[in-house]
Amino acid sequence: MSTQPSQDYLDVADGRVYYEVRGSGPLLLVIGQPMTSAPFGPLADLLAEDHTVVTYDPHALGESVTNDPTADVTPEVEASDLAQIIDALGGGPADVFGTSGGAVAGLALAANYPDKVRTLIAHEPPIGELLPDAAQARTAVDEIDEAYRAYGSGAAWGKFVSLVMHDGPIPDDGVPPAAWPPPGAEQPEDAAPPEPSAKQQADDETFFLRMLKPFTRYQPPIEALQSGPRVVVAVGAASRGELARRSADALAERLGQSATVFPGDHAGFMADPAGFARAIREVLAGGR
């Protein structure tokens with residue numbers, strides 16, 4: 001069942017944030033990054049059967065805009081935006097499901113605005129600083145930045161995919177190129193990729209030059225997270241040794257818990273929204 005969301009904008013200190021609201025009931029934020037609202041639609045529709053579900057376009061991405069496109073978009077910036085959205089919808093506290101970069105923003109929200117959060121489900125936050133190979137992760141992210149500056153989005157996306165799909169610790173000499181597109185999904189040789197819009201090009205620049213380093217190099221404040229709202233770290237059942245999975249396991253260990261297993265892999269919320277909705281409800285029910 002598709003639930004037509006309401007659409008709104010919120011003015012923040014240095015920009016304007018777009019968000020959508022579905023359903024009724026307890027407030028639940030469903031967030032990612034760099035994913036915008038659209039990929040979460042099927043999951044949000046299911047959760048809206050018994051929640052007021054909020055999805056959004058992260059700071060400066062999609063329909064959200066920034067007044068200073070040269071400024072870094074950090075987890076703290078996104079946490080401030082999310083806290084203001086919660087205030088605009090009644091002040092919370094809200095439950096939060098964050099995946100990938102959205103999980104990192106969720107950690108910053110729980111740490112900096114603990115009164116706004118009831119339970120945070122942090123699904124595979126890609127925080128390289130938590131890993132023994134943190135130095136290699138920083139180098140790999142630096143190379144993505146350099147590829148974007150030298151050759152543009154295509155080269156940067158190639159290196160990014162190679163990093164996030166790499167299974168295991170990052171070698172000192174870097175990660176090998178990933179097979180992308182996956183076998184069987186290649187475009188015909190004469191098929192030209194669509195020309196990206198000006199907004200897509202701006203979003204790519206924001207992600208590669210203003211977001212990727214602050215998020216992968218975030219230092220989660222463990223004591224604040226342990227003493228604040230309930231935090232549940234989640235991992236994909238089909239995830240292996242990718243950076244995001246290893247980061248989540250490392251975070252769970254530091255928080256003194258075992259990671260909760262969700263369906264699928266890092267992008268499981270798109271492949272199995274019904275399974276994710278069940279898993280989210282089970283976690284939230286355990287905290288009430």
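This report walks through the overall fold of a predicted model and then looks at two of its residues.

## Overall shape

Let's start with the whole protein chain. Its secondary structure comes to 10 helices and nine strands. Along the principal axes, the C-alpha atoms fill a box of roughly 50 × 40 × 35 Å. The radius of gyration is 18 Å, which agrees with the value near 19 Å that a compact globule of 288 residues would have.

Contacts in the chain reach far along the sequence: of those between residues at least 6 apart, 74% join residues at least 24 apart.

## Surface and charge

Of the 288 residues, 51% count as buried. The chain exposes about 12,700 Å², and carbon and sulfur atoms supply 52% of that area.

As for charge, the protein chain carries 19 positive and 41 negative charges, and the mean positions of the two sets are 5 Å apart.

## Asp 95

Now for a closer look at strand β6, which spans residues 94-99 and includes Asp 95. Asp 95 counts as buried because its relative accessibility is 1%, under the 20% cut-off. Its side chain joins that of Arg 118 through a polar contact of 3.3 Å.

## Phe 269

Phe 269 sits in helix α9, residues 268-271. With 2% relative accessibility, Phe 269 also counts as buried. Leaving aside neighbours within four places in sequence, its contacts are Met 35, Pro 39, Phe 40, Leu 43, Thr 99 and Phe 276.

Thr 99 deserves a second glance: this residue and Phe 269 are 170 residues apart along the chain, yet 8.7 Å separates their C-alpha atoms.

How values were computed
Residues numbered from 1 in each chain as written. Predicted model: local features only at pLDDT ≥ 70, side-chain atom pairs only at ≥ 80, totals over all residues. Heavy atoms only, no water. Helix = DSSP H or I, 4+ residues; strand = E, 2+ residues; numbered from the N terminus. Buried < 20%, exposed > 50% of the residue type's maximum accessible area, 1.4 Å probe, protein only. Polar contact = N/O pair within 3.5 Å; in protein donor to acceptor, adjacent residues only side chain to side chain. Contact = heavy atoms within 4.5 Å. Rg over C-alpha atoms; globule rule 2.2 N^0.38 Å. Areas by Shrake-Rupley, 256 points an atom, 1.4 Å probe, with all protein chains shown as cover. Lys, Arg positive; Asp, Glu negative; His and termini not counted. Charge placed at Lys NZ, Arg CZ, Asp CG, Glu CD.
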